[in-house]
Amino acid sequence: MSTRQFGARVQRNEDQRLVTGKGRYVDDIPLTGALHGAFVRSSVAHARITGVDVSRALALPGVVKVYTHADLGALDVQMPLLIPHPCITHGRTQYPLARDEVFHVGQAIAFIVAEDRYIAEDAVSLVEVGYEMLPVEVDFEKAAEPGAPLVHHDVPGNIAAHLVQESGDADAAFAAADHITSIKVRVDRSTAAPMECLATAARWDEVTGELTVWDGTQAPIGLRGALASLFELDEHRVRVIAPDVGGGFGPKIHFPYANEVLVPLASMELRRPVKWIEDRSENFVHMTHERGQIHEIELAATSDGTVLGLRNRFLHDTGAFIPYGIAVAQVAACQIAGPYRIPNVRVEFSCVYTPTVPVTPYRGCGRPQANFAIERAMDQLAEELGIDRFELRRRNFIQPEEFPYTRPNLIFADGLAVTHDSGEYEKALTALTDALDLAAFAKEQREAWAQGRYLGLGVSFYVEGTGLGPYEGGHVRIHPITGKIFVNTGLTTQGQGHETVFAQIVADQLGARVEDIIVVEGDTGVYDWGVATFASRAAVVSGSAIHKAAVLARKQVINAAANMLEADPDDIELADGRAFVVGSGTAGVTLAEVATASNPLRYAFNKAAQSATQFAPAARSDGPSLGEGAHPGIEATDYYSPPHATWAYGVHGAIVEVDPATYGIKIHRYVCVHDCGNMINPMIVEGQIAGGVAQGMGGAFYEKLDYDEDGTLRNASFMDFLIPYATEIPHVEMIHQETPSPLNPLGIKGVGEAGTIPVAQVIVSAIEDALKPLDLPPFRMTPLSPSLIHSHIAESGNRG
Ligand code: MCN
């Protein structure tokens with residue numbers, strides 16, 4: 001009997017390749033005779049283009065072609081609004097290359113194709129763009145005020161979309177409340193900063209009429225569809241491959257970016273492979289951003305701390321365009337009530353255009369902002385009511401017996417009312433408070449304060465709708481000669497460990513070793529139905545589809561083996577890569593033999609073909625015919641479509657110390673309790689959480705994109721935009737809780753974004769707690785750098 005692989009800490013199949021430098025990224029794809037591209041980008045935030053003179057660039061030896069919008073013909077079209085919504089009254093999206101106006105620094109204006117990258121980059125500086133400057137307002141709060149300069153002249157008030165959702169009757173709850181608390185919080189704009197920037201390479205095959213595109217994308221199938229329709233090619237003539245991708249974190253799904261159109265176009269027109277690799281400074285002004293939101297949130301409560309109602313109005317900075325619709329704002333809106341019962345919720349948001357890089361989801365997708373707002377408000381309510389902040393949370397949790405818990409009319413990204421499927425919120429909080437030992441901490445804190453040390457404890461509870469549909473597929477096939485098992489799905493990985501976890505799922509069904517299972521994804525040539533990697537959905541959606549396909553393949557193996565071994569299918573067991581009769585003590589047959597026997601003619605040289613198979617036995621000289629409904633080989637495909645999102649959750653707590661001289665923060669302990677349903681691989685889950693917390697630390701302390709008032713990004717480099725090093729990341733103590741989701745066959749919930757969501761609130765609330773002796777006004781913004789802490793103290797009049 002093989003050991004069950006689901007739930008085991010299996011070493012990652014992909015790591016041998018990745019940690020020995022054998023990963024293959026777009027730039028590693030060898031393309032003989034490739035041309036290289038570089039973009040001319042806008043140096044100003046908002047202007048009318050009075051002219052683009054490419055003559056000097058064209059004259060540079062080695063330059064093959066310069067594209068402006070005028071060269072694009074039928075491709076000179078507005079890119080699609082990927083997720084439409086009726087509340088988007090003024091949806092504006094980008095053109096592949098700017099036409100007569102630019103809307104943010106970094107917008108692509110021209111594309112140069114040259115014999116090598118040096119020449120292409122040199123030619124960029126030879127293109128002269130004439131600008132007639134237009135006024136700008138970069139601050140999204142001011143941009144939403146009457147009279148602010150318009151980003152798009154035909155979009156009044158810069159408002160792209162406005163949505164009000166109400167579950168229950170919020171005003172009635174506020175009228176009935178004993179106490180109302182209100183706060184306004186701000187989360188700054190950030191960027192995901194993946195190690196590998198964007199990258200595209202393309203090769204047009206003149207003979208077969210096939211276009212192959214290698215792209216560091218999270219959505220190869222979506223990109224394939226976009227390219228097929230833009231170039232009017234049959235989808236089967238377009239193959240998109242996402243090879244190894246050096247981190248995605250959300251923004252690598254904004255298809256199509258300018259490069260995703262221009263590189264294939266150039267390859268088709270110039271009849272040569274073309275490659276474009278983004279550099280870091282370009283990435284800052286080209287790849288999409290996220291996070292900028294301002295929330296005004298009010299809670300209505302009884303004097304014992306029961307929260308009756310929540311009202312939240314927020315502004316969402318969508319940048320110059322809204323290609324992804326209201327996705328980020330809608331996710332924030334639906335997570336605003338957190339794990340709390342709160343029966344009456346009204347949430348209202350406006351998406352505001354600013355002359356900045358467009359916004360699409362970045363790990364967490366609106367949840368870090370919503371979490372910061374609700375959890376800051378809960379802290380304040382506790383303070384005002386004189387109730388312990390842990391106790392206040394306890395009093396308001398949705399209880400285990402209340403699941404499924406629906407918030408009617410609060411419509412999530414899947415178009416359905418928010419419905420938390422399962423959870424044990426109070427148990428998770430207790431696990432955290434036990435781990436942090438609150439009584440011992442209180443004593444330690446009193447002693448620290450007495451010594452002039454500033455020690456504080458922060459907490460944040462988050463919920464996360466994961467595993468969004470509509471569907472993914474899974475394909476399982478046993479290779480007849482080697483017995484290796486090939487598994488495919490339509491989405492792709494950027495480091496999440498899919499090659500291992502999907503293999504674990506299949507291993508359990510087929511009794512095979514994880515190392516013998518080869519997962520290939522991110523290639524429309526091997527599997528071409530599916531959606532993409534986002535919303536922490538791969539485990540839930542692809543995992544379930546692959547499980548279903550593996551169950552079908554298992555049945556095929558058992559039936560075929562039963563024929564070969566002349567046994568009852570119920571007596572066949574699969575383990576260690578073999579099928580055998582239970583209790584017979586015989587070795588049975590290998591999976592390779594079963595697969596070979598399932599297609600005897602094709603593999604007639606293999607001995608196993610002589611055995612009986614799943615085919616109907618027949619004395620025919622050309623081999624047995626297929627039985628009704630049977631197909632050759634061991635191969636199965638199935639799909640999974642979740643009924644709605646499954647809700648993961650967790651609670652993080654930290655003990656921090658603020659240095660009174662430098663305002664530097666030291667994290668003494670960081671504890672995370674989380675629940676992503678049944679874990680396929682706890683080691684990978686821990687890696688995901690640790691990575692998420694690291695990214696959250698960036699959000700809590702450093703990640704702020706700093707636009708000047710003219711709309712130039714001042715910190716577009718890793719010298720000035722800081723991301724945390726390993727030295728800044730604390731050891732994360734993890735406590736797993738597993739409440740299965742009732743929505744999918746494996747009881748899984750997603751985890752890829754979880755770690756990121758609560759960190760800012762944990763850190764800010766811990767700092768606030770540490771500095772209590774200074775009697776400061778509360779902290780309402782993130783990130784919180786030492787200099788911001790300093791100015792907060794200075795502004796309060798307290799000399800610290
Ligand atoms: N997993 C598990 N058990 C569960 C849930 C998940 O073992 N109950 C495993 C999965 O099988 C998978 C990993 O944990 O190997 C993450 O699974 P999931 O939550 O389904 O997330 P996705 O695979 O869909 O990845 C997307 C998610 C998102 S939205 C962002 S953003 C993100 C993230 O994952 N970007 C990442 N994690 C990242 N990790 C890396 N290294 N790089 C990125 O770009």
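**Figure 1. Domain layout of the chain.** The domain assignment splits this predicted model into three parts: domain 1 covers 31-134 + 192-286, domain 2 covers 293-468 + 643-795, and domain 3 covers 469-640. Domains 1 and 2 are thus each written as two segments. Domain 3 is a single run, 469-640. In secondary structure, the chain has 19 helices and 29 strands. Its C-alpha trace spans about 95 × 70 × 50 Å along the principal axes. The radius of gyration is 28 Å, which agrees with the value near 28 Å for a compact globule of 800 residues.

**Figure 2. The interface of domain 1 and domain 3.** The C-alpha centres of these two domains are 40 Å apart. Each side brings 16 residues to the contact: 16 from domain 1 and 16 from domain 3. About 1,200 Å² is buried between domain 1 and domain 3. Carbon and sulfur atoms give 48% of that area. On the domain 1 side, the residues that lose the most area to domain 3 are Gln-218, Ile-221 and Arg-239. Together these three account for 42% of what the domain 1 side buries.

**Figure 3. Polar links across the interface of domain 1 and domain 3.** Two salt bridges cross between these domains. Seven residue pairs are in polar contact across the interface, with both residues at pLDDT 80 or more. Two elements each give two or more residues to the side of domain 1 that touches domain 3: helix 6 (220-230) and strand 11 (238-241). Strand 11 gives the most, with four residues. By class, this side of domain 1 has nine nonpolar, five polar and two charged residues.

**Figure 4. Close-up of Arg-239 and Asp-523.** Arg-239 pairs with Asp-523 in a salt bridge. Their closest N and O atoms are 2.7 Å apart. Arg-239 is also one of the residues of domain 1 that lose the most area to domain 3.

**Figure 5. A salt bridge between distant parts of the chain.** The search of the whole structure finds 52 salt bridges. This view shows Lys-275 with Asp-27. The closest N and O atoms of this pair are 3.5 Å apart. Lys-275 sits in strand 12 (residues 274-277). Asp-27 is in the loop between helix 1 (15-19) and strand 1 (35-41). The two residues are 248 residues apart in the chain.

**Figure 6. Two cis peptide bonds ahead of proline.** Most peptide bonds are trans. The bond from Gly-469 to Pro-470 is cis, with omega near 0°. Pro-470 lies in the loop between strand 18 (454-466) and strand 19 (472-478). The assignment begins domain 3 at residue 469. The bond from Thr-782 to Pro-783 is cis too, with omega near 5°. Pro-783 is placed in the loop between strand 29 (781-782) and helix 19 (786-795).

**Figure 7. Positive phi at Asn-409 and Tyr-663.** Most residues other than glycine have a negative phi. Asn-409 has a positive phi, near 70°. Asn-409 is in strand 16 (residues 405-411). Tyr-663 has a positive phi of about 60° and is not a glycine. Tyr-663 is in the loop between strand 26 (646-658) and strand 27 (665-675).

How values were computed
Residues numbered from 1 in each chain as written. Predicted model: local features only at pLDDT ≥ 70, side-chain atom pairs only at ≥ 80, totals over all residues. Heavy atoms only, no water. Domains from an automatic or database assignment. Contact = heavy atoms within 4.5 Å. Buried area = accessible area lost by both parts, 1.4 Å probe. Salt bridge = Lys/Arg side-chain N within 4 Å of Asp/Glu carboxyl O. Polar contact = N/O pair within 3.5 Å; in protein donor to acceptor, adjacent residues only side chain to side chain. Nonpolar A, V, L, I, M, F, W, Y, C, P; charged D, E, K, R; others polar. Rg over C-alpha atoms; globule rule 2.2 N^0.38 Å.
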